[in-house]
Amino acid sequence: MNRPARLVVVVLTASTALLLTACGSGGGDDSSSDKIKGADAGGEKASASASASASQDGAERPKITLSKEFQANFEGWTNSDPKLQAILNDGREELRSKYAAIIESNPDSDAVAFYNSGTSLTSARKWIKSFTDTDDGLIGKVTVYNPQVHINDSGSGVLFYCVDERKASTKNRKTGKVTTTPDKPESVLQYRARLDKTSQGVWKNVSLTTVAGGCN
């Protein structure tokens, strides 16, 4: 997914690996990551979980569909605590909404706005636009794994997870040219998100930092 390397950067830096790059990174406030024990370690992959419920708390969440050419596989995306599972569910859909917006060439996606606010929304739209401006879509697959989640003292959710983009690529809509993501440790990113719960019960990203190679 490298265009060249657009996915794999750290917080809105220069594009280096397709998705990794500035994928919604915004708000370099490291309080957003609150420090989760062992968050810099890769962790063991668990089995894939089922997709999130669209309205488990009554909120009308957008239906997000990815193309047949692109898969986002979430592994071990479960937690025995219902409150933490709710954060995982919305965190997963937030990431899927951005992938869908790139595929649909729609930086103003309502689904992206549903799961992001403030600097996180601004950064997400900028990241998506970097693909739409060059008329690139996504193909292949990413694996999203090792989620670590908790609720901090202020009531915000803290979610760390890993995204392996090495089997993902960009495909230009006009030329059909495919650009692959480098098979390097830097193409495995760590996402560090802070989420706040809305009055409707939705956990929205308010800040997100991506660290290339952060899960190795």
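What follows is a short dialogue on reading this predicted model.

Q: Before we look at features, what ground rules apply to this predicted model?

A: Residues are numbered from 1 along each chain as its sequence is written, and side-chain values use heavy atoms, with hydrogens and water left out. Because the model is predicted, local features need pLDDT of at least 70 and side-chain atom pairs count only at pLDDT 80 or more, while totals for chains, interfaces and linings use all residues.

Q: What is the mean pLDDT of the chain, and where does pLDDT stay under 50?

A: pLDDT is the predictor's confidence in each residue, from 0 to 100. Where pLDDT is low, the predicted coordinates should not be read in detail. Here the chain has a mean pLDDT of 82, with 74% of its residues at 70 or more. Residues 8–33 stay under 50, and the model gives them 134 contacts (heavy atoms within 4.5 Å) beyond four places in sequence. Over residues 37–54 the pLDDT is also below 50, and that stretch has 39 contacts beyond near neighbours in sequence.

Q: How many helices and strands does the chain have, and what pattern does it follow?

A: Helices (H or I, at least four residues) and strands (E, at least two) are DSSP runs, numbered from the N terminus. This chain has three helices and seven strands, in the order β-α-α-α-β-β-β-β-β-β along the sequence. Among contacts between residues at least 6 apart in sequence, 68% join residues at least 24 apart.

Q: How many of the residues in helix H1 are buried?

A: Buried means under 20% relative accessible area, exposed over 50% and partly exposed in between, using a 1.4 Å probe and protein chains only. By that rule, 53% of the 216 residues of the chain are buried. In H1, 20 of the 22 residues are buried, so the helix is mostly covered.

Q: What span should helix H1 have, and how far apart are its end C-alpha atoms?

A: The expected span of a helix is 1.5 Å times one less than its number of residues. For the 22 residues of H1 (residues 82–103) that gives 32 Å, and the end C-alpha atoms are 31 Å apart, which agrees.

Q: Which residue caps the N-terminal end of H1, and what comes just after the helix?

A: Asp81 is the cap, with a side-chain oxygen 2.9 Å from the backbone nitrogen of Lys83. Just after H1, Ser105 has a positive phi of about 55°.

Q: Is Arg92 buried or exposed, and which side chain does its own side chain contact?

A: Arg92, which is found in H1, counts as buried at 3% relative accessibility. Its side chain makes a polar contact with the side chain of Asn89 at 3.2 Å. A polar contact is a pair of N or O atoms within 3.5 Å; within protein, one must be able to donate a hydrogen and the other to accept it, and residues adjacent in sequence count only if both atoms are side-chain atoms.

Q: Which cysteines does the disulfide join, and why is it left-handed?

A: A disulfide is a covalent bond between the sulfur atoms of two cysteines; the rule used here asks for sulfur atoms within 2.5 Å. The count comes to one, joining Cys162 to Cys215 with an S to S distance of 2.1 Å. The torsion about the S-S bond is about -100°, so the disulfide is left-handed. The pair links distant parts of the chain, 53 residues apart: Cys162 lies in strand S3 (residues 157–164) and Cys215 in the segment after strand S7 (203–212). Cys162 is buried at 1% relative accessibility, and Cys215 is buried at 4%.
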